[in-house]
Every structure is written in structure tokens, then in C-alpha cells.
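Trainee: Could we go through this structure together, one question at a time, with the reasoning spelled out before each answer?

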Amino acid sequence: MEQPTSKRQRRGGFRITYQLALFVLLVFLVLLFGILQPVFFAPDVLFNVTTIIGEIGIMALAMTFIITTGGIDLSVGYNLQLCAIVFGSVYASNHNVPLAIILSVACGILCGFLNGMIISRTKIPPLVTTLATMSLFRGISMIIAGTNTYSGFPDSFKKISTTYIFDVIPIQFLYFIAFFAIFNLFYSRGRLGRNLKGIGFNENALIFSGINTKRNLLFIYTLSGLMCAIAALIYLGRLSAATTSMGNDLNLQVVTAVVLGGTSIMGGIGSVSGTFIGVLIIGVLRKGFTLINFSGNIFNFTLGVILIVALVVFAWLEERKKNSGKTSKYVA
Amino acid sequence: MKLKITFKREFILGLIVLAFMLFLALTTQFATRNGLFSMMLDVSPTIIGAIALSLVIFTGNIDISAGTILGFVSYTAGELAILGAPIWLFAPAAFLVGVLLSGLNGYISVKFKVPSIVVTLAMNMVHLGFYATFLHNSGWLENLGDNFTWFGRGQVFGIIPFIFIVSIAVAALFIFIMKFSKFGKSVYAVGGNRLAAIYAGINPDITVIKVFLIEGLLLGVAGTLKAVTRSDVLPSSFQGREMTYIAAAIVGGVNIMGGSGKLLGAVFGALLVYLLSTAMIYMGFQDYFQYALQGIIILVAVFITITDFSAWRKKRAAVIAEPERN
């Protein structure tokens, strides 16, 4: 009887250790880049990290909800692109910022709603649905934009992501913190978070206990679409040009941030605060790579490797946890 | 009875392909020598790629990195051809690269029990980053000699390209294997019901890894065939090809959840997807309309293959009969 207790204690300690290990990794990366390039420690450079993660972070929060249910949304990058193109084209045609914002947000919600309807009402798996809608959104944004680049947005619009608090903290960081607080509240305290984890573990059990899982799924995919639209606006304020190449590689960054944060890709287990640290790690890596003159391609390459390593490590830990009471290797 | 139904589906698909060809022949310049030749040239790698992806989908997995693996394959073939290697040397080397890369995907996915979608999504990024970072000029090769392109340009009777004959032979071989061999049955079994397959004495892990290795070999063939039709190679241009292959497989009736579908259907699917995009070009649409079309095709085709319409009808009838039950 001694052994299982000690094992359980070790398992109980593991959760904290994983988050802690992630935090240690973050501190290590900051120190590493700081030593390689001392300018990294300057407050404006360090806070610049939070500028570039604004859009990834906001999308990653919604993605945490989705991955917790065992789903995935691969269309976020192109959804963001489409929202940005819609904003750009509407602004280019009548120079009306509020109208452009409303239509862009409506477009994001509509795209998310489309994903949600297909995933919750048919048996098509989320992966295939969003893979197909990814292609669809990309096609639509290319049809709208052709080879155009939309730019020349007014300064009043650019302010939404070029404002600094105390001249050093970028406003994106504030947005991210605010959304993080809301998402974390819903995820860890509310009924929604409990339902999402339940869907990830065993959707049928939830259906039989009278919970409308379809509505929950529809809601989170629509929410993801809304977050894409908000991220698109923040991104546009910073880049000040909408092109059909923006957002191409954001899918992987968002998924990596969530998986790195300890949300199981199989569903059922997750943490919004883990995603928070995961997003920060990605931001530090990207800024650090830019500072030591590595190209964006090496960043993508490293990100892919990190995602695979994170998946393998997490799967290995889960396997070890499961094996404590299992007899057969295969029978689930 | 079941045989009859599956035969029917492929038969109908074949008829649709024929009708489409007839339509194009009557309304456009399709039925000329050039139209048919370019169709056979373009569709050959797609047929093999669709078979490769179908095999993976049969086991309930998927490969998003197929396009970037093709890039590596074509780069290897081109680089060796520049060094003066003949086709019987660079082609097997390119196949080997495909097998190794795809085998790595399969190994990570099976060994660590990570869904193949995420592994291959990450690999897609790793491959793209690799071209841009470690290969000279992002792996762009040009002015490849006759030792590289003679096979791609070769033709029988002045109309049938060599590569079309190769792809039809490969397709026939794999249709035969999947229909009659024990291995073919085990692939369907693993995708259909993993637990039942285990009780039937099949090791699902080994089967999935084998399928990934075969997929790599087929991608090697597809990448080499695609590369030798041109005198230049740009690895990153293959990015996104997997979407076409997946679309072809799904249109051909391969069930995305695994366990069912026919390779003959995938071959017809490849033809149909090619014909659709050709028709759009003939009708004067820009090529980026194809992205949107591809997405819609996949969604509609998956919806039709997955949804059990008879169950739907029954359920509706039951609801109408006893409204208070739901």
C-alpha cells in the first residue's frame, strides 16, 4: 500500500511541476537571450515581446477552449486574414472606420459560426472541417483582394494597438491580460469550463446527463471566430496594411502555444494559465531570434520542433500516469 | 449485396468523370492532343498522391506534411541529377527520402500516441523552415539536364506520357493489394475498429507504421514524377499539394474517419478534382478560386460519405411518430 500513495503524491505534485517547469523555461529563455544580446533586458525591448504576441495570445485563449474539447481549429490564421481583408476593402471603398470594424467582426463571427455549425450539427470531425474552411477562407480573401494591398488607415484606428501605457507597456499586453482574466474565470470557475472538459473526456456521458453539448461547441467555435476578428484588428493597427500573406503561419503558433501550455491535444485536460505562459515563451523566442539576427524561417522551424517535443513529452507523462493502474497495453 | 453497392458507387463516380470529360470536350479545346496530353501529365502525380493519402486515411490517420515531403523528394532528385546521376540512381534515392520522412511521422505518431494530424502539422512547418534555412537558394534548382527530364517528357504513340503509364501501373498494383492481400484487410481493420483488429491478431501499431512507410514510398514516386516533367525544382512550391490529394481521396468516397473506401474511387476522385479545376480555368476564373472550391468540395464530399442518411430518415420518422419522446 505504500507505493501507490507515494505515486499519487508524485502525481499530485506533477501539475505544479509542469507549470513551474514552463515558467522556469520562460525565465531561462529570457536570461539566455539577455546574455546573448544585453539590449534584450531594456524595458522597452522586453515589453515589445508583448506587442508581438497580442494577436497570437488572444486567439490562443479561444483555442484552449477548443482543444480542451478534443477539437482543433486550423482555420484561425486564414480567418484572421479574411477579417483583415474585409476591413481593408470596406475601408478602401468608403473610408468609414466604424463600419469596417463592424463588418470585419461580423465576418469573423460568421466564419466561426460556420465552423461551429458544421462541427456540432454534422459528424464531420473538427480537423477536417477546419482544414476545409481554412482553404475556403483563404480562397475568399484572395477573391476579395486579388493582388491588392490595403493600407493608409487613419491614425485614430492605429491607436488601438500603438498606444503605450506609462510610455513602456504596450496596450496589447493590457488586452491580453484582460481577455486572459475573463477566459480563465470561465474556464476554471464557470459551468462552461466544466462542460468543455467533460466533452473532451466523454461527450456521450455529458449528453446523457442532459447537457446540450452541441450548443457549447457552437459557442466556442463562434467565440474563436470573434477572437480572430479582434486579433485581426489589433494586428492591422500594428502592421497598417492588409495583405493576403498575413496570418499564414499563425495557425501553428497558436496551436503550439496551447499545447506547450499543457492542454492535452486529446482533450479533457487543459489550463488557460499554461496557455498564458506558452504564449509568452513564443513571444520571447520570436523577439530573441530577431535580436540575434535569425530569420523568421528558423523561428518557424524551431517552433515546429518545439511543438513535436512538447507533444511527445506530454504524451509520455500522460502515459506514465495512466500506466499506474493498467494491465493491457492496448485495451483502452 | 455489399459488393454490389460499393461497385455501384465507383461506377457512378466513373460515369461522372466520363460525363465531365465529354462536357469539356464539347464546349472547350479539351479534346485536342494538347488538352489530353496535359491532363495525363498533370493528373499522374495526383493519382499516386491520392492513393498514398487514401492509405493513411484508411487507418484513421492523416498526413498534412505530404506536400512538403514532396518538396524534399523533388529536391533530392534534382540535386542528384545535377551531380550527373541517371534516373535509376536518383529516383530510388528520392523514394528513400520520402520513406524516411513519412516513416518519422508514423513513428512519432504511433510510439508516443500523438494524433498524426498534429505531428504532421508541426512537421509541415519544420520542413518549410528547413528548406528556407538550410538549403542553398531555398532549394531552388534550375536548368536541369536531359538526364533529369527525359523520362517526364517521354511518351508512347506521341500522346501517352511515360509517367501516366507508371501511375496507372502503381494504381493497379495497389488496388490489387488492398483488395486481395492480408495486409490490405488489416489496414481496413485497424481503421474500422481498432479493438476488433487487436482481437483478430493484428498489431495496429506495426500496421500504421507500415502504411506510413508505404505512403512515403508513394509520395517519393509522386514527387519524382512531378519533378521530372519540369527542368526546375522549387521545394516550397509543393506546399499545399496534400489538400488536393485529400480532396481527391474524399471525393472518391474514402471515409475520413478511416476503415472504408476504395482506391479505385480515389483514382476517379483525382481525375474529377483535376477536371473541376481545369473547367474553372477554361471558364476564365482566376486560379485562387480553386482554394475556395477545394474547401467546399471537401466539406460536401465528407458530409455525403459520413452522414448516414437512412438513419436520419428513420430518426425523423420516429420523431414524427412519437413527438413527446424528443
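Mentor: What follows is a set of questions and answers on a predicted model, taken from the chains to their contacts and then to single residues.

Trainee: What radius of gyration does chain A have, set against that of a compact globule with 332 residues?

Mentor: Chain A is built from 13 helices and four strands, and its C-alpha atoms fill a box of roughly 70 × 55 × 35 Å along the principal axes. For 332 residues a compact globule would have a radius near 20 Å, and the value for chain A agrees with this expectation, being 21 Å.

Trainee: How many helices does chain B have, and what is its radius of gyration?

Mentor: Chain B has 14 helices, along with two strands. The globule rule gives 20 Å for 326 residues, and chain B comes close to that value, so it is as compact as a globular protein of that length; its radius of gyration is 21 Å.

Trainee: Which percentage of the residues in chain B is buried?

Mentor: In chain A, buried residues account for 49% of the 332 residues. For chain B the count runs over 326 residues, and the buried part is 47%.

Trainee: Which helix of chain A gives the most residues to the largest nonpolar core?

Mentor: The largest nonpolar core holds 198 residues, and those with the most contacts inside it are A:M59, A:F87, A:A232, B:I51 and B:A52. Of the helices in chain A, the one that gives the most to this core spans residues 213–239 and supplies 16 residues, namely α10.

Trainee: Which residues does B:A52 touch, leaving out those up to four places away in sequence?

Mentor: B:A52 is listed among the residues with the most contacts inside the largest nonpolar core. Once residues up to four places away in sequence are set aside, the partners of B:A52 are B:A66, B:E215, B:L218, B:L219, B:A222 and B:Y245.

Trainee: Which element of chain B gives the most to the side that touches chain A?

Mentor: The contact between the chains involves 34 residues of chain B and 35 residues of chain A. On the side of chain B that touches chain A, α5 and α13 (289–306) each supply at least two residues. By class, that side has 28 nonpolar, five polar and one charged residues. The element that gives the most to it, with 13 residues, is α5(B).

Trainee: What is the distance between the end C-alpha atoms of α13(B), and what covers its buried residues?

Mentor: At 1.5 Å a residue, the 18 residues of α13(B) should span 26 Å, and the end C-alpha atoms agree with this, lying 26 Å apart. The buried residues of this helix include B:Y291, B:I298 and B:V302. Their cover includes elements from both chains, namely α5 and α6 (126–145) of chain A with α11 (241–251) and α12 (263–282) of chain B.

Trainee: Is A:H95 buried or exposed?

Mentor: A:H95 sits in the loop between α4 (76–94) and α5 (97–121) of chain A, and although it is not a glycine, its phi is positive at about 50°. Because 12 other C-beta atoms lie within 10 Å of A:H95, and 12 or fewer is the limit for this class, the residue is exposed.

Trainee: Where is B:K113 found, and what is its phi?

Mentor: B:K113 has 16 other C-beta atoms within 10 Å, and therefore counts as partly exposed. B:K113 is found in the loop between α4 (87–111) and α5 (116–134) of chain B. Although B:K113 is not a glycine, its phi is positive, at about 55°.

Technical notes:
Residues are numbered from 1 along each chain as its sequence is written. Chains are lettered from A and ligands numbered from 1 in the order in which they are written. This is a predicted model: local features need pLDDT of at least 70, side-chain atom pairs count only at pLDDT 80 or more; totals for chains, interfaces and linings use all residues. A residue is buried if 20 or more other C-beta atoms lie within 10 Å of its own, exposed if 12 or fewer, and partly exposed in between; C-beta atoms are placed from the backbone. The radius of gyration is taken over C-alpha atoms; the globule rule is 2.2 Å times the number of residues to the power 0.38. A nonpolar core is a set of buried Ala, Val, Leu, Ile, Met, Phe, Trp, Tyr and Cys residues joined through C-beta atoms within 7 Å. Two residues are in contact if their C-beta atoms, placed from the backbone, lie within 7 Å. Ala, Val, Leu, Ile, Met, Phe, Trp, Tyr, Cys and Pro count as nonpolar, Asp, Glu, Lys and Arg as charged, and the others, Gly among them, as polar. The expected span of a helix is 1.5 Å times one less than its number of residues.
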